[in-house]
Amino acid sequence: MSVFIGYPSFMAYQMMKGKKGNNDGFPSIPGMIARYSALGLTNEQMAANPVWVDKTGNGHDLQMKNFAWKEGSGISDIYSGFILGDGVDNFAVTEKELNFEDTYTVYTAFIPFDHLDRFDVLCGKNSSKDFYVNYFNDIKFYTAGGFGTLPLRVNQFTVLLCKRNGTTGIIKNLTTGESLQFNIKQLIDNPGLYYLWRSTTIFNYARAAIAGQAICNGYFSTDEDDEKVLNYYKQEYPWLFPDQAWTVTGKTNEDEDRATIANITGNGNNLVLSNFGFAEGSGYNEQGEYAGYLVTDGVDDKVQSSSFTMNEDWTIVGDWELLSNVQINCGIVKAQNVYLYSTAKGLLISINSPRSLQSFGTKSLHAICSDGRLYDRNWVEYKYTADQNFSIVKSSLNIGFNLNNYTQMAFKNLGIYNNQSLSKDDCIKAYNYLQTLKAK
């Protein structure tokens, strides 16, 4: 089949194929013949009628098989707006044939999880004929015998783009920007049912949480289309899109890259460790109350990022605790946005104004919002009431030190959401999401 994307008559035909309505704000992409969204679904609802409805109205509804419809196999209380397959026998299959043309675009929003020592099938039909995605050490997109791969971001939210035309296949992680283009063969006609969490022929069930998928037949998406889809997910799932994020989970003092904490967004702004002894109390703790944390010694240990800019509205979410019992003018500092200092019984903090420090009787904050809302380990809300005097400054993030001041603290993870003042509920979701992530 030849496809001439430039002809208006073709475009009009493709627009008719994807019926309008019931799209819940999802962008209108030409040729959209099926779309699934987990937003608003409940376990009670799905247990009563285990059908994932095709929102385009084209009737490609998915029959949900073997789900328990509880945490771990169904709608997640921790990954809200997702359906989680258990990796054992959970899958979904269409009621009728869903056949791919030799040009198509598929968007899949999902979180892959660790699962044994084998590849897991995320979705598709036949790996050698039309459309198929699996993952193990990487993500593979197969189409008619050709394939492309991307790095696997375990536990990390991914908006995956897979598309092809007559000669070219593209796989892209819209969340990180990683992409690969490859040559493909002529599509082999492959009528039949379509699957999620497994395929037609391979019964390796994926342990993955899927937020949604959109299938566009006969259309090779534009960069503008892809940006609209990414922005849709940013709007619906803001807690999954930190601009900067780091975690030490999985790091050890024996790692070759122990002095670097990679930025999990893939932007390259890593945290660099200086002067650490890489032992208990000055490195990655393996025992005691702070096992799994990076602990600074308060003598000369430094954790620092490269310079970056935060605007007037932002949210910082993370898991850390000040350990020093004396007042020291350091802790977490990102000039001009936040100055957080250790005190004998709590902390001092300044938001968007370095001269207006306010005291709080807590040694840890799970979330700091630029509008003055602060949340402690129990999600009790405090309010920073000092006047703010904001100015944009490009500066590094300093953890455990500031200038020549050093303090003891335990650090596990941190996410920075620029231009977003997240609600309390979204802060909790962001915090829970960070706890699932692992260092690269």
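**Chatting through salt bridges, strands and odd backbone spots**

Colleague: Hi! Which arginine does aspartate 371 form a salt bridge with?
Modeller: Aspartate 371 forms a salt bridge with arginine 373, and their closest N and O atoms are 3.0 Å apart. Keep in mind that this is a predicted model.

Colleague: Noted. Is aspartate 371 buried or partly exposed?
Modeller: Aspartate 371 counts as partly exposed because its relative accessibility is 35%, which is not under the 20% cut-off for buried and not over the 50% for exposed. Arginine 373, with a relative accessible area of 12%, is buried.

Colleague: Which residues are joined into one network by salt bridges that share partners?
Modeller: That network is made of Asp319, Glu321 and Arg377. Within the network, the side chains of aspartate 319 and arginine 377 meet at 3.9 Å, N to O.

Colleague: Where do those two sit in the chain?
Modeller: Aspartate 319 is in strand β24 (residues 314-322), while arginine 377 is in the loop between β30 (373-375) and β31 (381-383). They are 58 residues apart, so the pair links distant parts of the chain. Aspartate 319 counts as buried at 3% relative accessibility, and arginine 377 counts as partly exposed at 33%.

Colleague: How many salt bridges are there by this rule?
Modeller: The count comes to 11. One of them is between glutamate 178 and arginine 153, at 2.1 Å from N to O.

Colleague: What does that pair tie together?
Modeller: Glutamate 178 lies in the loop between β13 (168-173) and β14 (179-183), and arginine 153 lies in the loop between β11 and β12 (158-164), so the pair ties together parts that are 25 residues apart in sequence. Both glutamate 178 and arginine 153 are buried.

Colleague: Switching to strands. What is the strand order in the open sheet of eight?
Modeller: The order is β18-β19-β22-β33-β25-β26-β27-β28, and the pairing is antiparallel. Its edge strands, β18 (260-261) and β28 (358-360), each pair on one side only.

Colleague: And how many bridges join β27 to β28?
Modeller: Three bridges join strand β27 (residues 347-351) to β28, with the strands running antiparallel. Leucine 347 has phenylalanine 360 in β28 as its bridge partner.

Colleague: What about β9, which strands does it pair with?
Modeller: Strand β8 (residues 120-124) pairs with β9 over four bridges in the antiparallel sense, and β9 pairs with strand β10 (residues 138-143) over four bridges, also antiparallel. Tyrosine 132 in β9 stands opposite glycine 124 and opposite tyrosine 142 in β10. β9 and β10 form a hairpin with two residues between them.

Colleague: Which way do the β9 side chains point?
Modeller: Tyr132 and Asn134 point one way from β9 (residues 132-135), Val133 and Tyr135 point the other way, and all are buried.

Colleague: I'd like to check the backbone too. Where is the cis peptide bond?
Modeller: The cis bond joins alanine 335 and glutamine 336, with omega about 0°. Glutamine 336 is in the loop between β25 (328-334) and β26 (338-342).

Colleague: Which residues have positive phi without being glycine?
Modeller: Among them are alanine 144, with phi near 50°, and tryptophan 197, at about 70°. Alanine 144 is in the loop between β10 and β11 (146-151), and tryptophan 197 is in the loop between β15 (195-196) and β16 (208-217).

Colleague: Are those two buried or exposed?
Modeller: Alanine 144 counts as buried at 3% relative accessibility. Tryptophan 197 is buried as well, with a relative accessible area of 0%.

Methods
Residues are numbered from 1 along each chain as its sequence is written. This is a predicted model: local features need pLDDT of at least 70, side-chain atom pairs count only at pLDDT 80 or more; totals for chains, interfaces and linings use all residues. Side-chain values use heavy atoms; hydrogens and water are left out. Two strands pair if DSSP finds at least two bridges between them. Buried means under 20% relative accessible area, exposed over 50%, partly exposed in between (1.4 Å probe, protein chains only). A salt bridge is a side-chain nitrogen of Lys or Arg within 4 Å of a carboxyl oxygen of Asp or Glu.
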